[in-house]
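Trainee: I am new to this structure and would like to go through it slowly, with the terms explained as we meet them.

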Amino acid sequence: MRGLLEVEAATASSAAAALPGRMYGSGDWWSDLNESPLWQDRIFQALAVLYGVVSAVALVQLIRIECRVPEYGWTTQKVFHFLNFLVNGVRSMVFVLRRNVQLIQPEILQHVLLDMPGLAFFTTYALLVLFWAEIYYQARAISTDGLRPTFYWINAVVYAIQVRFFINYIN
C-alpha cells in the first residue's frame, strides 16, 4: 500500500511540474494562428460572410415591410432595417477588402472607413431605443415631442466628438 501511495505522489508531482510547460505550450497554437496569413484570411472571410448574412436579412426585412405598408413612408422600423443593412454591409466589405483597406493612404482615411460603421451602429441602436421610448411614452399618454430632437442632439454630439478626434489625429 505504501508503495502505491509513493507512486501516486510521484506521478502527481511530475504532472504538477509539467503543468507550467503545458500552459506555455498551449499558447503556441494561438501564436501559430496569429502569425498565419491563411488562418487570418479564413477568419476574416467567415466574419465577412456572417456580416453579409445579417445585412441580407435586414434588406429582406426592409423590402417585406415596404411591400406590406408602402403608404407610411420611412418609418422608424424601416430606417432601423436600412441602417442595419448599411452597417453590416459596409463591415462585410471591409472584411472582404481588408488587405486593400490597410493600404489606403493617408492613414486617417483608414480610420474613417473603419470607424464609420461603428458610428452608424450607434445611431441604429439609439434609433431602436427611440422606437421603444416612443411606444412607452404613447402607452403612458405622455407627449413624445422631445424624444426625436433629443435623439438628433445625442447623435450630433457623438459625431462631433468623432470628427474632433479625426481633426486631432491629423494635427
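Mentor: Buried means under 20% relative accessible area and exposed over 50%, with partly exposed in between (1.4 Å probe, protein chains only). This is a predicted model, in which local features need pLDDT of at least 70 and side-chain atom pairs count only at pLDDT 80 or more, while totals for chains, interfaces and linings use all residues. Residues are numbered from 1 along each chain as its sequence is written, and side-chain values use heavy atoms, with hydrogens and water left out.

Trainee: How many salt bridges does a search of the whole structure find?
Mentor: A salt bridge is a side-chain nitrogen of Lys or Arg within 4 Å of a carboxyl oxygen of Asp or Glu. With that criterion, the number found in a search of the whole structure is four.

Trainee: Is E66 buried, exposed or partly exposed?
Mentor: E66 forms a salt bridge with K78, and their closest N and O atoms are 2.8 Å apart. This pair links E66 in helix α3 with K78 in helix α4, 12 residues apart, where helices (H or I, at least four residues) and strands (E, at least two) are DSSP runs numbered from the N terminus. K78 has a relative accessible area of 1% and is buried. E66, by contrast, has a relative accessible area of 34%, so E66 is partly exposed.

Trainee: Which residues are joined into one network by salt bridges that share partners?
Mentor: The side chains of R98 and D41 meet at 2.9 Å, N to O, and because R98 lies in helix α5 (residues 98-101) and D41 in helix α3 (residues 37-68), the pair ties together parts that are 57 residues apart in sequence. R99 also forms a salt bridge with D41, at 2.7 Å between the closest N and O atoms. Through these shared partners, the residues of the network are D41, R98 and R99.

Trainee: Which helix supplies the largest share of the largest nonpolar core?
Mentor: A nonpolar core is a set of buried Ala, Val, Leu, Ile, Met, Phe, Trp, Tyr and Cys residues joined through side-chain atoms within 4.5 Å. The largest one has eight residues, among them F80, L127 and F151. At least two residues each come from α4 (76-96), α6 (107-139) and α7 (147-170). The largest share, four residues, is supplied by α6.
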